[in-house]
Amino acid sequence: MTSLPYPAALNKALADSRVWTNSLRRCAQTAVFFAALRPGSPVEVTQIARYLGGGIVRQGLTCGVLTGTALALALGGSQLESDENAARTTSGQQDLQSLISDFVTEFGASDCATLTGCNLLTAEGAEKFRESGAGQKCEVMVRWMMERLEQVLQKRV
């Protein structure tokens with residue numbers, strides 16, 4: 001597969017994610033799909049995020065766009081850096097910490113249950129998700145994160 005430029009990758013990832021709306025898989029897999037499209041990685045890698053949507057198998061835990069972004073950053077790899085105290089961290093970890101912090105500042109939380117206002121483990125919660133327009137809010141969060149993820153990925157080029 002050939003590499004897609006940012007706008008095309010974002011539009012394709014979001015368009016394809018709309019197919020997943022009813023299965024609540026869109027957030028984590030969209031982040032991984034987007035990252036795979038950028039350098040032309042096999043899009044089958046998207047399946048590694050299949051259980052992360054809805055705050056990890058619909059439990060309302062960490063938002064899938066955050067866990068998917070973690071996987072997306074790992075696709076690009078990272079190089080270890082060391083500081084004077086011999087503590088080691090990766091630039092990818094630092095990037096992810098910043099992305100999560102900015103996300104929480106922007107949207108007020110990092111967990112799916114708070115962000116959507118729905119308990120996706122119940123039929124009532126899943127119905128509320130579909131009827132309340134929470135999916136559109138999720139798309140806003142995915143788009144927001146993909147814009148920032150693109151900036152991080154561009155630093156690595």
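Rings of Phe, Tyr and Trp, the last taken by its six-membered ring, pair if their centres lie within 6.5 Å. In this predicted model, a search of the whole structure finds three aromatic pairs. Two of the topics below, the aromatic cluster and the nonpolar core, share Phe103. Helix H3 is treated last, with the helices that cover its buried residues.

**Aromatic pairs**

- The ring centres of Phe103 and Phe107 are 4.9 Å apart and the planes stand at 50°, so this pair is tilted.
- Both Phe103 and Phe107 belong to helix H4, where four residues, about one turn of the helix, separate them.
- Phe103 also pairs with Trp144, here in an edge-to-face arrangement with 6.0 Å from centre to centre and 70° between the planes.
- Because Phe103 lies in helix H4 and Trp144 in helix H7, the pair ties together parts that are 41 residues apart in sequence.
- Phe103, Phe107 and Trp144 make up one aromatic cluster.

**Burial of the ring residues**

- Phe103 has 0% relative accessibility and therefore counts as buried, the cut-off being under 20%.
- Trp144 counts as buried because its relative accessibility is 11%.

**Nonpolar core**

- The largest nonpolar core has 35 residues, and those touching the most other members are Phe34, Val65, Phe103, Leu115, Met145, Met146 and Leu149.
- At least two residues of this core come from each of helix H1 (6-17), H2, H3, H4, helix H5 (112-116) and H7.
- H7 gives the largest share of the core, ten residues.
- Leaving aside residues up to four places away in sequence, Met145 touches Val65, Leu66, Thr69, Leu99 and Phe103.

**Helix H3**

- Helix H3 runs over residues 64-75, twelve residues in total, and its first and last C-alpha atoms are 16 Å apart, close to the 16 Å expected at 1.5 Å a residue.
- The buried residues in H3 are Gly64, Val65, Leu66, Thr67, Gly68, Thr69, Ala72 and Leu73.
- Helix H2 (26-37), helix H4 (91-107) and helix H7 (134-156) are among the elements that cover these buried residues.
- Val65, Leu66 and Thr69 are buried in H3 and are also among the residues that Met145 touches.

Technical notes:
Residues are numbered from 1 along each chain as its sequence is written. This is a predicted model: local features need pLDDT of at least 70, side-chain atom pairs count only at pLDDT 80 or more; totals for chains, interfaces and linings use all residues. Side-chain values use heavy atoms; hydrogens and water are left out. The expected span of a helix is 1.5 Å times one less than its number of residues. Buried means under 20% relative accessible area, exposed over 50%, partly exposed in between (1.4 Å probe, protein chains only). Contact means heavy atoms within 4.5 Å. Rings of Phe, Tyr and Trp (its six-membered ring) pair if their centres lie within 6.5 Å; planes under 30 degrees apart count as stacked, over 60 as edge-to-face and the rest as tilted. A nonpolar core is a set of buried Ala, Val, Leu, Ile, Met, Phe, Trp, Tyr and Cys residues joined through side-chain atoms within 4.5 Å.
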